[in-house]
Amino acid sequence: MITPFRSARLRSVNRPALLALTGAGLFLASLDAYVVVTALLPMLTSVHIAVNRPEQATPIITGFLLGYLAVMPIAGGLSDRFGRIRIFAACLALFAFGSFLTASAPSLSQLVTGRLLQGAGGGALVPAVLALAADLYPAGDRSPVLGAVSALQEIGSVLGPLWGGLVTASSVGWTWIFWLNIPAAAAIIWALWPEIQSRREERRPTKLDWVGALLATAGLALLTLALYAANPEQSPVGAGFLWQAPLSVLFFAAFVWYERHASQPLINVRRFRDSSFSGSALTNAIAGAGLMVALVYIPVLANAVFSMNASGSALLLVRLMLGIPIGALLGGWLAYRLRSYRLVAALGLVLAAVGFLMLSGWTEGSLKPHLIGPLTLADGELFLTGLGLGIEIAPVSAALLDAVGEAERGAGASFLIVMRLVGMLVGFSLVAGFGLWEFHRATAHLLPPLPGLNPNFAAQFAFYTLKVKQAIFDQYHLIFRATAIALLVGAAVAAATLRPLARPRWQ
Amino acid sequence: MRAAWRPRVVVAGLTLVMALTACGPQPPDGATLLTQSSQRMLDLKGFHFQMQITGFTGPAEPVQSAQGDAHPPDLHAKVNLKEGGVLLEVEVIFNSDKIYLKSFTGGWQELTAAQVAQFFDARLLFDPQAGLFAAMRDTTAPYRGNSEKINGHDTYPVDGVLQGPRVHQLLPLIRDQGSYRATYWIETPSNNLWRARVTGNLFDASQAATIVFDFSNHDHPVSVSPPPLG
């Protein structure tokens, strides 16, 4: 929600300094979005959870996303009411507190609470900083600044897994990913202190759609619970799925009904009748799910079957992450040259699907054969997947923003982020549950050999390890193939629904 | 005249209150608490337990923690083992002299006596002669401390000393030399044991470790049945 204030005072302050400080806070929070993907195993071990119960790591990831989604829709309105910098500082402090809980967690429940608060604090920073940037610069000069803020957020999330992997593999251990947030956040808040204290920051009484935000959050929280397979040996979804899933649908229905009648809704739900709008929203969610699957499962695969440590798996993931910004630039340029969103979006998603299909064919030897110089075929496959996921970003985002029009552009931009995160949350929950369920199904009759008076133990154990690795590979092949199919569905949706670019005209 | 009465009433009231507090039921001394609680725990129809080992355990002691339900000698527990820096969870069932294991993959398998010796025999922990509850009576120099809340229950901690050979009986991986410090948190008048802790150089002559047992669901009937194999 970007509703800039025309404040003479704010424009008189040191704009670059203010933007740099808030941007640094945003960067810090965006680093932590996916930072855990390369640190999951040591995190589990330090809260005494066995590696053969990986389902317990799911809430470490979904907790952050849920916290992020809960505050994002209302953070813009809160910053209208209480002041941008104050809300920014309060949320950065919340993020730091969440980091403290995460780093010092003796138990899984505290770890997940910490991640939830980190997400809630971090999620509020995006709309607050975007709105601040819009306040500081007049309409004509604004877009490069808003672009830079969004880019900072994207770069942070891309660097997160690498940062997490390097810290985890170092001698200080994973907790320092989170300990370091505290002095950094404190330094930013200290530097902003004169601005926070000055009572002159502009505020505007805004009507906040609390009911809408609560209904949507309750629906999402219930859906996350319903899809959380706490016991994947028995069921690919949660034990309470049969009542939680319908209840969450009920909450979403209530949300839509309420938003239709609210005076200042979070999202104009009538837009969903426009197929270009709902199509781009759906495509965006599917692409988010695809990215999340790659982010989580490539490091886990690297660790479980290629025996890489955290920094090794982070470096493997970098090959994919590198493709995303390159693809994003390429996708924007292609859409402009070809004057077609649907073609370029579908192209990106098909490329990503092909990438996932290639990844799904990986075997134990896949990282070895060299293609050109030090590059392997696996490097190319990872890069292609990232490139495809990047190409789709610009046309899908632009199609949605075109569909909402000038007046709702801010709400549209928030909605894009929300849909992407919803896709990540739902996609990852489904994949985690069904993947582990499939693994247990495949190994249901695979008994490990036992030592003690067993002369063939070593040989039997080697055979057993081979079988387990095979089952892990089978699980990944299934997950990557399912993701490829989802991305192809996304490509079809994009091809069928996205409207072409509007003719450029002066407004 | 009436005003002069007031201080006297207040003083009398205060004296009464103080007298009542002082005459409240006195908790038994440490040794009595230990004997009564030991008997209570041995008589239970079932309970839930959680065991956590911290400090130096070394390569010889893979068990890090365990939790489950027991009606000794039967019990059903999930056990966390540390193998090469990695935590792994297994599930065990002890049922009428038979032992079953559910490992990382696959279903339940029955273990032979030789295989059980490789792990630790969890039945010993709550054995009526060798186990923890019997060891409560063998704790020397018991000293009762001030009331403490454990998991929401008012308990009295009783501190004492257990000899190495005695602790070695209930967990054979523990060194049978020297002596260890034991603390029991006992609720009165139910005599329920809520927590027990043994500290000392349990697994190495020069490095300390601690075992904490937490109990709950006292006297909730526990019945353990043999699992389906395969």
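In which sense do S2(B) and strand S3 of chain B pair, and over how many bridges? In this predicted model, strand S3, which covers residues 74-83 of chain B, pairs with S2(B) in the antiparallel sense, and 8 bridges hold the pairing. One place to look for this pairing is B:Gln67, whose bridge partner in S3(B) is B:Lys78. Following the chain from S2(B) to S3(B), the reader passes through a hairpin, where 2 residues make the connection.

S2(B), which spans residues 63-71, also pairs with strand S1 of chain B, made of residues 47-55, and here too the strands run antiparallel, joined by 6 bridges. Within this second pairing, B:Phe49 can be found opposite B:Gly68 of S2(B).

S2(B) appears again where the two chains meet. The contact between chain A and chain B draws 18 residues from chain A and 19 residues from chain B. On the side of chain B that touches chain A, the elements that give two or more residues are S2, strand S4 (86-95) and helix H3 (113-118). By character, the residues on that side of chain B divide into 11 polar, 7 nonpolar and 1 charged.

Turning to chain A, the reader can follow helix H14, which takes in residues 341-359 and so has 19 residues. From its first C-alpha to its last, H14(A) reaches 27 Å, close to the 27 Å expected at 1.5 Å a residue. As for its surroundings, H14(A) is mostly covered, with 15 of its 19 residues buried.

Note on methods: Residues are numbered from 1 along each chain as its sequence is written. Chains are lettered from A and ligands numbered from 1 in the order in which they are written. This is a predicted model: local features need pLDDT of at least 70, side-chain atom pairs count only at pLDDT 80 or more; totals for chains, interfaces and linings use all residues. Two strands pair if DSSP finds at least two bridges between them. Helices (H or I, at least four residues) and strands (E, at least two) are DSSP runs, numbered from the N terminus. The expected span of a helix is 1.5 Å times one less than its number of residues. A residue is buried if 20 or more other C-beta atoms lie within 10 Å of its own, exposed if 12 or fewer, and partly exposed in between; C-beta atoms are placed from the backbone. Two residues are in contact if their C-beta atoms, placed from the backbone, lie within 7 Å. Ala, Val, Leu, Ile, Met, Phe, Trp, Tyr, Cys and Pro count as nonpolar, Asp, Glu, Lys and Arg as charged, and the others, Gly among them, as polar.
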